[in-house]
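The following questions and answers concern the contacts between the protein chains and the DNA strands. Each answer closes on the value or name requested.

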Protein chains: 2
Amino acid sequence: MNAISHSEENYLKTVFHLGADGKQAVATNAIARSMKTKPSSVTDMMQRLGEKGLVNYRKYRGVSLTEAGKRAALSIIRKHRLWEVFLVEKLNFSWDEVHDVAEQLEHIKSEKLVDLLDQHLGFPQYDPHGDPIPGKDGNYPSREKQLLSQLPVNTKGICIGVKDSSASFLKYLDKNRISLGDKIHILEREDFDNSLLVTVADTEMRVSHQIAANLYLKIL
Amino acid sequence: MNAISHSEENYLKTVFHLGADGKQAVATNAIARSMKTKPSSVTDMMQRLGEKGLVNYRKYRGVSLTEAGKRAALSIIRKHRLWEVFLVEKLNFSWDEVHDVAEQLEHIKSEKLVDLLDQHLGFPQYDPHGDPIPGKDGNYPSREKQLLSQLPVNTKGICIGVKDSSASFLKYLDKNRISLGDKIHILEREDFDNSLLVTVADTEMRVSHQIAANLYLKIL
DNA sequence: AAATAAATTTAGACAAATCTAAAAATATGT
DNA sequence: ACATATTTTTAGATTTGTCTAAATTTATTT
């Protein structure tokens, strides 16, 4: 019944994200790269998490989350995303500034705090980047969504999320007046550089492949 | 220019409180007792904080805060108290439940977060226990206040704070309908047990010395 | 003022989380 | 399939924050 440490929580979260939301096994190196730490540190930690029953660890074979590990990861992600909503909706942070602060807030331990925060925010379903917020009970709503870059010409959809939520990408979207909820219509694809001509909320513009490969649409 | 660690912040805060708001030197043992740690751990930490220029440490002579240490302590206390206001005002925590959560939240590092939180709360001057909130610039407003137990019969005042902010004391106050802002009139003192007969918001009641020694009044 | 008590510090150990360097296992290419 | 490259693990060291036990300093008492 040992508590999960700050650091352990970060590893669990990473394993969850890298392993397609806890479904696949993840390589040691991938975790190290993603967390900017060394593979040897990852090995140490995975052995510890294995002993705690939070991951399935087999030497040289990578790790996957156990049910307990998945539950723990979802709880952290839930907190992270609720705090992001708070920062944007209540404190007027912009969506490109919330990540680092939420990264700290997600580790605060108090079930009551999370419940009351959820209520205060009106039980939001999505965070400011369009990612779904796991439920208190651990259910994780997945929505059908597709990358703009993978859709055929003439598709119409609603922009519902971003794949990359780095500050630089989000600022780029702001500058180009692309927001979640906007209606997007794909007019043509340029074979040369894979850029797209689209309308975003009825404004025509050209978006690079880089951009299109990081925007999620719900097809209409 | 080393950052101040979570643990170092807790020690600074304790030295501030035990040393009459950073004015007096504090003994090693007092710190250990207050933090439920061992004197040897305190010595270690005080030597480290001394090297960082946050406390004046002289072997066997106790420690006091330097100006830099005082500034750091006030910044943590400011965050603690702002978060307490948030928890009570925005999330509907009761005043006896906020301490442990605020103890965690006070360590979140983001100047922007603190500024926007302060604004969101309407720049509050006092926390839910009546303690003043240090300013962004480090100024620490002290208010004239006196313990109910130390005032003569017939004094009238407003209840403006508590000395002990333990959950059990605060719950006791709730149960007896004593709140911050209430007008208190001292009717008589019982020599036998030092209890007082008072009116609290026009309701007559008897309060024990224990209670009176933990309630701060502003004399009218 | 010497003896005793109390407070404080030092020395050495430990756990967590990390690192570097070297060894071992797995994967890849021709 | 064998040599080479890549990935992963182990071994040993480091830092932070803590502890216990012993030594030292300061305070108190008679």
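**Contacts with DNA and between the chains**

Q: How far does a polar side-chain atom of T43(B) lie from a phosphate oxygen of DNA strand C?
A: The model is a predicted one. In it, T43(B) places a polar side-chain atom beside DNA strand C, and the partner atom is a phosphate oxygen. The distance between the two is 2.8 Å.

Q: Which elements give two or more residues to the surface near DNA strand C?
A: Both protein chains contribute to this surface. From chain B come α2 (28-35) and α3. From chain A come α1 (6-18) and α3.

Q: Which residues come nearest to DNA strand C?
A: There are 21 residues around DNA strand C. Those that come nearest are drawn from both chains: Q47(B) and Y57(B), together with S5(A), S41(A) and R48(A).

Q: What percentage of the atoms of DNA strand C that come within 4 Å of the protein do sugar and phosphate account for?
A: Individual contacts illustrate the backbone of the strand. An N or O atom in the side chain of Y11(A) is 3.3 Å from a phosphate oxygen of DNA strand C, and one in the side chain of Y60(A) is 3.3 Å from a sugar or linking oxygen. Of the atoms of DNA strand C within 4 Å of the protein, the share of sugar and phosphate is 78%.

Q: Which residue of chain B has a backbone N or O atom 3.2 Å from a phosphate oxygen of DNA strand D?
A: Two contacts to phosphate oxygens of DNA strand D use side chains: S5(B) has a polar side-chain atom at 2.5 Å, and S41(B) has a side-chain N or O atom at 2.5 Å. The contact through a backbone N or O atom, at 3.2 Å, is that of K38(B).

Q: How many polar residues does the surface near DNA strand D have?
A: Of the 21 residues around DNA strand D, those that come nearest include Q47(A), Y57(A) and R48(B). By class, the surface has six nonpolar and five charged residues. The number of polar residues is 10.

Q: What is the area buried between chain A and chain B?
A: The size of an interface is often given as the accessible area lost when the parts come together. Here, 19 residues of chain A are in contact with 19 residues of chain B. Carbon and sulfur atoms give 72% of the buried area, which is about 1,600 Å².

Q: Which residues of chain A lose the most area to chain B?
A: Three residues together account for 29% of what the chain A side buries. They are L91(A), Q104(A) and I108(A).

Q: Which element gives the most residues to the side of chain A that touches chain B?
A: Among the polar links of this interface, the side chains of K112(A) and E97(B) meet in a salt bridge of 2.7 Å, N to O. The elements that give two or more residues to this side of chain A are α4 (67-90), α5 (98-105) and α6 (111-120). With five residues, the one that gives the most is α6(A).

Q: Is F123(B) buried, partly exposed or exposed?
A: F123(B) lies in the loop between α6 (111-120) and β3 (146-147) of chain B. Its relative accessible area is 47%. Because the partly exposed class runs from 20% to 50%, F123(B) is partly exposed.

Definitions and conventions: Residues numbered from 1 in each chain as written. Chains lettered and ligands numbered in written order. Predicted model: local features only at pLDDT ≥ 70, side-chain atom pairs only at ≥ 80, totals over all residues. Heavy atoms only, no water. Contact = heavy atoms within 4.5 Å. Buried area = accessible area lost by both parts, 1.4 Å probe. Salt bridge = Lys/Arg side-chain N within 4 Å of Asp/Glu carboxyl O. Helix = DSSP H or I, 4+ residues; strand = E, 2+ residues; numbered from the N terminus. Near = heavy atom within 4 Å. Polar contact = N/O pair within 3.5 Å; in protein donor to acceptor, adjacent residues only side chain to side chain. Nonpolar A, V, L, I, M, F, W, Y, C, P; charged D, E, K, R; others polar. Buried < 20%, exposed > 50% of the residue type's maximum accessible area, 1.4 Å probe, protein only.
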